[in-house]
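This briefing introduces a protein structure to a reader who has not met it before. Please look at the sequence and the model first.

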Amino acid sequence: MDPAIVSAFNHVFLDPTLWLVVLASALYGIFIGAVPGLTATMAMALMVPLTYWLDPVPALAAIVTMEACAIFAGDIPSALMRIPGTPASAAYTEEAYSFTKRGQPGRALNVGLVSSVVGGLFGALVLIVLGSSLARAAAWFSAVEYFWLYMLGLSCAVVIAQESMAKGIFGMLVGLLVSTVGLSAVHAEARFTFGRPELFQGVDFIPAMIGLFGLSEVLKNLLGLDSVQEAVDATAAPVRLTWRGRAWSIFAEPLRLMWTRPWASIRSGLIGTGIGILPGAGADIASWVTLAVTRRTQKGPPMEEQAALERLCDAGNANNAALAGAWIPALVFGIP
């Protein structure tokens, strides 16, 4: 066996300090990811100074654990409140929230949890086996390739528009218009700032996302426009499960979904890893692209339960596979 793999196993399984660091990082990542507006990037910036006091292996484990947990935890407010916790969760917020309106938020969160784990393991396997080769391929990308990659991400946002493609195109154009607010990157000229110094830095993605998703949901609830929901039987007696029953209820449906669609799971992992290795791209673009691919290959109504679960599964798989892929240029070239 490769000595590097043996050394990694010894570090991971024989060092109790490492497990304490991993546990603390996981709790921190889940908290940050579950709070709308606090992203994995922000959590990373806050954690990096603390890692200077750790040995290299625990420091790296802390960052990897925190990032993976934060990306998954972004699904929690997406499913419960229709507010993405992280940008990577914005693509499938409607699918996740549709189960909460049915009184079944646990189904969406279970699928998100299991698919995140599977996607992360798939990306890690690709990182171990093909890391250096994929990094060299990523170095071939120039400005032209990146332009078409971002165009692909924007077009995917239009493709998955549920009501009409015209509304999707209009929303994309509004987003592009908002992104031009601030100082020009080339000439440092103010654009659409209306003389307000606060807008010189542009409109940040997080406030825009909270405003578009969170504020609209709050107003809908205040105005009573979201009162049409499927009835939930509140008189049914709660079912008490053993720990084995709880574990089975969490893993059964997502694993069955992946077992019946193995090629879709592999495809999602490959898309996520491939996009993750490109500097400047990330889990959010991987989610949009995978969601569009899954929707184009599906049959039946878009918001049918099975179709929504498949999109949740594939997108969650892709955005966590992208995290492992993002470490390839970081470890090989030192490019975040």
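The points below cover the overall make-up, one threonine and the cysteines. This is a predicted model, in which local features need pLDDT of at least 70 and side-chain atom pairs count only at pLDDT 80 or more, while totals for chains, interfaces and linings use all residues. Residues are numbered from 1 along each chain as its sequence is written, and side-chain values use heavy atoms, with hydrogens and water left out.

**Overall make-up**

- The protein has 14 helices and 2 strands, taken as DSSP runs numbered from the N terminus (helices: H or I, at least four residues; strands: E, at least two).
- Of its 336 residues, 39% count as buried, a term for under 20% relative accessible area (exposed is over 50%, partly exposed in between; 1.4 Å probe, protein chains only).
- About 19000 Å² of the protein is exposed, and carbon and sulfur atoms supply 71% of that area, computed by the Shrake-Rupley method with a 1.4 Å probe.
- Among contacts (heavy atoms within 4.5 Å) between residues at least 6 apart in sequence, 69% join residues at least 24 apart.

**Thr 193**

- Thr 193 lies in the loop between β2 (190–191) and α10 (205–223).
- Thr 193 counts as buried because its relative accessibility is 6%.
- Leaving aside residues up to four places away in sequence, Thr 193 touches Gly 182, Leu 199 and Phe 200.

**Cysteines**

- The structure holds 0 disulfides, a disulfide being a pair of cysteine sulfur atoms within 2.5 Å.
- Cys 69 is buried at 18% relative accessibility, and Cys 313 is buried at 0%.
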